[in-house]
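User: I'd like a close look at one stretch of chain B and the parts around it. Please keep the answer connected.

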Amino acid sequence: MDTLSTLISAILVAGLYATMSYGLALIYGVLKIVNLANAGFLMIGAYATWWMWTAFGFNPLLAPLVIVPVFFLIGIAMERTMIQRVVDQEPIISLLLLFGVWLVLQNVAYLLFTGDTRSITIPLTDAVYQRGDIVIPWARVYVFAVGTLALVAMQLFLTRTQLGRAIRSIAQDRDAARLVGIDVKRVNAIAFGLGIALLGLGGSLLSLLYSFDPDFGRTLTLKSFCIVVLGGLESFVGVAFGSIALALAEAFGLRYMPASLQNLISFVLLVVVLIAFPKGIAGLLRRRSGV
Amino acid sequence: MTRRLVTLAIAFSCVLLFASYGVKAAPAPNAPAEIVIGAALPLTGAESRVGTYFKAAYELAAKEVNDSGGIFLKDFGKKIPVRLIIYDDKTEATTSRDLYERLAVQDHVDAFLGGYSTDLIMANTVVAQQRQIPYVNGGGAATQIYGRGFTTIFGLLASIQSLALTECDFIEKAQAEGKLPRPLTMAVVYENTAHGKDFNDGLNQCATNKPQNFKVVMSEAFDLHGKDFSPLLAKVKATNADAFMSDAHLDDYITMQRQYKQAGLHNKFITYGARGPEKSAREALGDGVDYIVAASWWSSKLPGQPVKDFVAKWAAAYPNLSPEWFSALPYETAVVLFDGITAAGSVDKNRVTEALRKTDLRGTLMPTGVVKFQSNGQVDLPFVVTQNLPAGSVVVVWPEAEATGKAVLPVP
Amino acid sequence: MSRVQVAGPLIAAAALLCAVAVPFAFPHAEYVLDVLFLIFLYGAMSAAWNIIGGFAGQISFGHAAFLGVGAYATMILWGEGWSPWATLPVAGGLAAIFSILVGVPSFRLRGPYFSIATIGIGEATRLVALNWSKLTGGASGLTMAAGPPPQIQYLSALAVCVAAFGISWWIVQSRFGFALAAIKQDTDAAQTLGVDTTLFKTLALALSAALVGIAGSIYAMHYLYVSPDSVFGFSTAIALVIMPIIGGVGTVWGPLIGAVVYTFIREQFAVKLANADLLAFGLLLVAIVLFEPKGIVGAWGSVMARRAFRKRAAGVAARG
């Protein structure tokens, strides 16, 4: 197998992984809760894109323009009604809450759309760039590009705007942030909304590449956890780093092992990192006292 | 006081719980008011697409027989209507088995119609064996279903190993005509299920028996319902094989073929086992499915009047569902069961099982028209090989006696 | 302790007598036997999960792995000629050993990270079972032609259930349980006070896994077919978490009530609207987390406490 080909492929996949993981990173960074409903929102994002395409002929490439604001509002609503109540309790509570939310999302999708696999086929889907032995599907490039744009936009937002700085300070030290007068409640809601919006964006982009059913996102979520742990829970650049690391490990690992074990790579990596760097990640883990 | 209330409350709810499950008495031994047939199908979950077709087919067969008054039972000298009970097992093996148990014990069915998908059938046939209830299915092809010494299980799907061997026969013919190279190097990818393993075993058998015609250069399993096959396909590309032989379920077929095209792959022979001509694949991928060869248990393009009649019947009853093998097979399965009951002349389970064992039907929908079970309960019918041609057409290319067109090989 | 938990043992003894009598009193009520079998089996698994998830506060989404190890161990040895009953202790033992192997490293993680790791463990075990065909039969799974009669299966499920709840009851009274509660409350504080948190967590997990493994054996004897998806699948893992939480996580009887509710809802929805049961569970889970984290037992407890309070208040007012 051509090394260059593998490398390019890995980088494109990394872009994809990063896009899926931003939402998780942001929500954990600010609210300190692990969003187990990650997969559910990715899946709904994909279905929303598909539905708009089949029902109204709405161009899937433009779908994020609708999905991002809508999901943002949904995120804020969720935060206000449910998340707010559990933010300050033991992490297990929020874990279970979001697990329940995921179950609800998954089964509502089953009821509305049935378990049939859906996919989106537009001219972009099959277009490829071919030069010699290297073949690059344009759809992946598009996803990579949008993902990178989102990364840059978020990074700018976090560093250049006041709201962004507020988010970062809460992520660093919530009590200190409160002391300097930051309205933690309001910022929490916005951060959660942003996280969900990013998930919707991710799902919408994924729908261009993969077929999906209501169970979509579960394996990808495990990879997201791996990425977020690898690269650091509070920075987007960290997410990018983690994504590249995972994508490279998978792509090159595949040369030496059967394809069916590919998903095992992310799990093994997750466990190895979690266990090999207990001190390094320990600080982040012990932000919640007790459990 | 509270303690007593609590005790009473719990005792009362226990009684309610028992009562709600109703200890129904088994029906009396006189002429039954109806013949109860039960099945659990994956109507939701991963296999729901095919599961819903199975339900439609069973219902069509039941309606047909009821429209003529029912099944004639010699023992009672009259026609008795059929009542069909179908539950949704959500594509879960344990749920499927529990539901068949319920059908046996709660609904007192006289016979079972089978489910769909080997994993589910492996689990739910246990109930049929334990309670000695006849079970006829058109949804499980893996040989291990019939290799357990169970005596009441019958299946209309020929084994996947047969499928692989049929494709090999077809390839040999093409090689003889100079359309494909000799030996044909094959990159085999198969789903990690009993189904896929049978396919892989069959192809390996071809290569062992006829090394001058076949050579396996890659053999790898992939997980069902995967999303990303590009790494696997990259490996396939690296082998530069003549043929791409895959065995996959419908959704994986569509995903894989899309990514196959995106990877710029171009083999001389492409097959996805039993998948190929499905309308939903054509709709999803357009001309991306052209030239794919499939070996299936049935094709609507088969010649013969019974097939044409069925296609017409199906279109009239279900204009929105296409006539695929998963329309015809379950329909024929139900018909075979009803025939068995008629031949037995009663709903006595042992007699029906014996009658089914002796099934010897001609002029059915199946390829060659014959339905006859081997000693292990599975049929041994030939497969129908089809090829997708441009502009949405499909031709039968094998067996030669039933061919309706010529194969276009190698893939242009 | 709330009044329910005091009345518990008396009701339990009476219920136990009834339960044992069922197969003899209602020889033709096969369906009732089936349902009760499932309730007892699920109840046992629920109670087992509760030991590590409820008492020790370590939420595991990967318990299906231990169920699977037990089920596969039984199927493999049974296939080699062992008597299925002889495989029970082996199944439990193997599950316990496996849990120690994966648990010790995982317990370095706290709270949600441990839970995420357990999802990974469940998935990894499934992948291994799927690919290690020589041992597990791979995707084809393992199957047996016939198993023990339903009455014996029923009694064995009942026995495991009684054992699991008996152990849970004992834990709540014991110093071991006290240590687990301390760990659940604040692991670091407990560690500082001299409790070897890793040892206790590992013990709890091993006990939990052993029970689930034995339940897995009985599961195998009932279904006569194990495959990676049916046994290590995510739906099994979800069930093991939902039941104790709905019933009342961390309480003694919660898991049994959860198993009853779970079985009942599944039966009702099975024939009407198939995916609505998981939807109902999801909604219940959300409701429980938001309003009554101790599930049904907790809700009952609140109701009783309020009644007692009102009574007392009325009594005080009357004396005026």
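Where in chain B is B:Pro399 found?

Analyst: B:Pro399 sits in the segment after β16 (393-398) of chain B. Before we get into it: this is a predicted model, so local features need pLDDT of at least 70 and side-chain atom pairs count only at pLDDT 80 or more, while totals for chains, interfaces and linings use all residues. Residues are numbered from 1 along each chain as its sequence is written, chains are lettered from A and ligands numbered from 1 in the order in which they are written, and side-chain values use heavy atoms, leaving out hydrogens and water. Helices (H or I, at least four residues) and strands (E, at least two) are DSSP runs, numbered from the N terminus.

Back to your proline. The peptide bond joining B:Trp398 and B:Pro399 is cis, with omega about 0°. The segment after β16 of chain B also holds B:Pro410, and the bond from B:Leu409 to B:Pro410 is cis as well, with omega near -5°.

Another backbone oddity is B:Asn240, which isn't a glycine but has a positive phi, near 55°. B:Asn240 lies in the loop between α7 and β10 (243-247) of chain B, and that brings us to α7(B) itself.

Helix α7 (residues 230-239) of chain B packs against helix α8 (residues 250-262) of chain B at about 55°, the axes being 10 Å apart. That angle makes α7(B) oblique to α8(B). (Axes are lines fitted to C-alpha atoms, for helices over the stretch in contact, with angles from 0 to 180 degrees between N-to-C directions; under 35 degrees is roughly parallel, over 145 roughly antiparallel, 65 to 115 roughly perpendicular and the rest oblique.) The crossing of α7(B) over α8(B) is right-handed, meaning that the near helix is turned clockwise from the far one by less than a right angle; anticlockwise would be left-handed. B:Ser230, B:Leu232 and B:Leu233 in α7(B) meet B:Met256, B:Gln259 and B:Tyr260 in α8(B), where contact means heavy atoms within 4.5 Å. Four of the residues in this contact are nonpolar, two polar and none charged. (Ala, Val, Leu, Ile, Met, Phe, Trp, Tyr, Cys and Pro count as nonpolar, Asp, Glu, Lys and Arg as charged, and the others, Gly among them, as polar.)

B:Ser230 turns up again at the second largest pocket, which has a volume of about 750 Å³. Of the 31 residues lining that pocket, A:Ser5, A:Thr6, A:Ser9, B:Ser230 and B:Ala234 are the closest to its centre. (On a 1 Å grid over the protein atoms alone, a pocket is an open set of points with protein on both sides within 12 Å along at least five of seven lines, a cavity is a set where a 1.4 Å probe fits but cannot get out, and lining residues have an atom within 4 Å of a point; grid points are joined across faces, edges and corners, and a volume is the space filled by probe spheres set on the points.) At least two lining residues come from each of α1 (3-31), β2 (134-137) and α11 (236-253) of chain A and α7 and α8 of chain B. The most come from α1(A), with eight residues. The pocket lining divides into 17 nonpolar, eight polar and six charged residues.

Chain B holds other helix pairs, too. Helices α5 (residues 160-176) and α6 (residues 194-209) of chain B pack at about 40°, with their axes 7 Å apart, and are therefore oblique to each other. Their crossing is right-handed. Among the residues making the contact are B:Leu163, B:Glu167 and B:Cys168 of α5(B) and B:His195, B:Phe199 and B:Cys206 of α6(B); by class, the contact has eight nonpolar, four polar and three charged residues.

Further along, helix α11 (residues 325-344) and helix α12 (residues 349-357) of chain B have axes that come within 8 Å and cross at roughly 115°. This crossing is right-handed. B:Val336, B:Leu337 and B:Ile341 are among the α11(B) residues in the contact, and B:Val352 and B:Leu356 among those of α12(B). The contact has eight nonpolar, one polar and one charged residues.
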